[in-house]
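I sat down with this one to look at what lies around the ligand and how some of the strands pair. Here are my notes.

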Amino acid sequence: MQDIRVKICGLKRPEDMRALAQAGAAYAGLNFFEPSPRYVTPALARELALLAPEGLAKVGLLVDPSDALLDEIVEAVPLDIIQLHGRESPERVEEVRGRYGLPVMKAVGVATEADLPLLDDHGRVADMLLVDAKPAPGDELPGGNGLPFDWRLIAGRRWPVPWMLAGGLHAGNVAEAVERTGARQVDLSSGVEREKGVKDAGLIRAFMEAVAGVTA
Ligand SMILES: O=C(O)c1ccccc1NCC(=O)[C@H](O)[C@H](O)COP(=O)(O)O
């Protein structure tokens, strides 16, 4: 059975990147959404990205970005993947793919059955899908809120591109999440933080150990 691949999102410090590399994560997320407590400037993101070893993919997370912002970030930071985490349409996803020649992962928030057709629409154009919890009313951020969605909604569902499961994952629930959804890639932020925006190397190790113990 192939290993489950892990993306940890919202790194802000060199020690976070080192902890991810040591723990064996597959993707490191750099957050360019300014209102987020996980925001990094393009200059800091570049420093962090340059610390990533071969095989640890750098993912740049943006929310409804303008071309000007994307131009600035793609120019400054050696990214491997662009993550679009706003209300981007499938047409916009295609446009961004064409403009930068980088793979695009499209995040789609799920709360009810009604959210699932959007995953199918984006699955036709994006290189990867991030199946995340939809922010609840009152949540300030479009992602990274630390809350899971009802995994039964996507049990048995598949898309024509690789996908990751996200939303409120932590060391204590990732085994059940994988078992219920069949995910082979998982993404998290809050579950490895000691406080909002501050990653914790011990929690990162614990999460990776929990994932290594999954046999689904
Ligand atoms: O994490 C943020 O601050 C954030 C802000 C704006 C858009 C997306 C954001 N995070 C996206 C991610 O990829 C998170 O890892 C994903 O939503 C899961 O987060 P969590 O539920 O905290 O594990």
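The entries below start at the ligand and then move to the strands.

Ligand shell. I noted that this is a predicted model. I looked up the residues around the ligand and got 26 of them. Cys9, Ser36, Gly143, Gly144 and Ser190 are the closest. I then sorted the shell by residue type: 14 are polar, nine are nonpolar and three are charged. I also checked for strands that feed into the shell. S2 (27-31) gives at least two residues, and so does S8 (185-188).

S2 and S3. Having met S2 at the ligand, I followed S2 to its partner S3. The two strands run parallel, with five bridges joining them. For a landmark, I found tyrosine 27 opposite alanine 57 of S3. Between the strands I came to helix H2, residues 42-51, which makes a right-handed β-α-β unit with S2 and S3.

Burial of S3. Is S3 mostly covered or mostly open? I checked residues 57-62 and found five of the six buried, so I mean covered by the cut-off of 20 or more other C-beta atoms within 10 Å.

S3 and S4. S3 also pairs with S4, residues 81-84: I read four bridges, again with a parallel run. Here leucine 61 has glutamine 83 in S4 as its bridge partner. Helix H3, residues 67-76, joins S3 and S4 in a right-handed β-α-β unit.

Recap for myself: S3 takes part in the unit with S2 and H2, and also in the one with H3 and S4.

Key. Residues are numbered from 1 along each chain as its sequence is written. This is a predicted model: local features need pLDDT of at least 70, side-chain atom pairs count only at pLDDT 80 or more; totals for chains, interfaces and linings use all residues. A residue is near a molecule or strand if its C-beta atom, placed from the backbone, lies within 6 Å of it. Ala, Val, Leu, Ile, Met, Phe, Trp, Tyr, Cys and Pro count as nonpolar, Asp, Glu, Lys and Arg as charged, and the others, Gly among them, as polar. A residue is buried if 20 or more other C-beta atoms lie within 10 Å of its own, exposed if 12 or fewer, and partly exposed in between; C-beta atoms are placed from the backbone. Two strands pair if DSSP finds at least two bridges between them. A crossover is right-handed if, with the strands pointing away from the viewer, the path from the first strand over the helix to the second runs clockwise.
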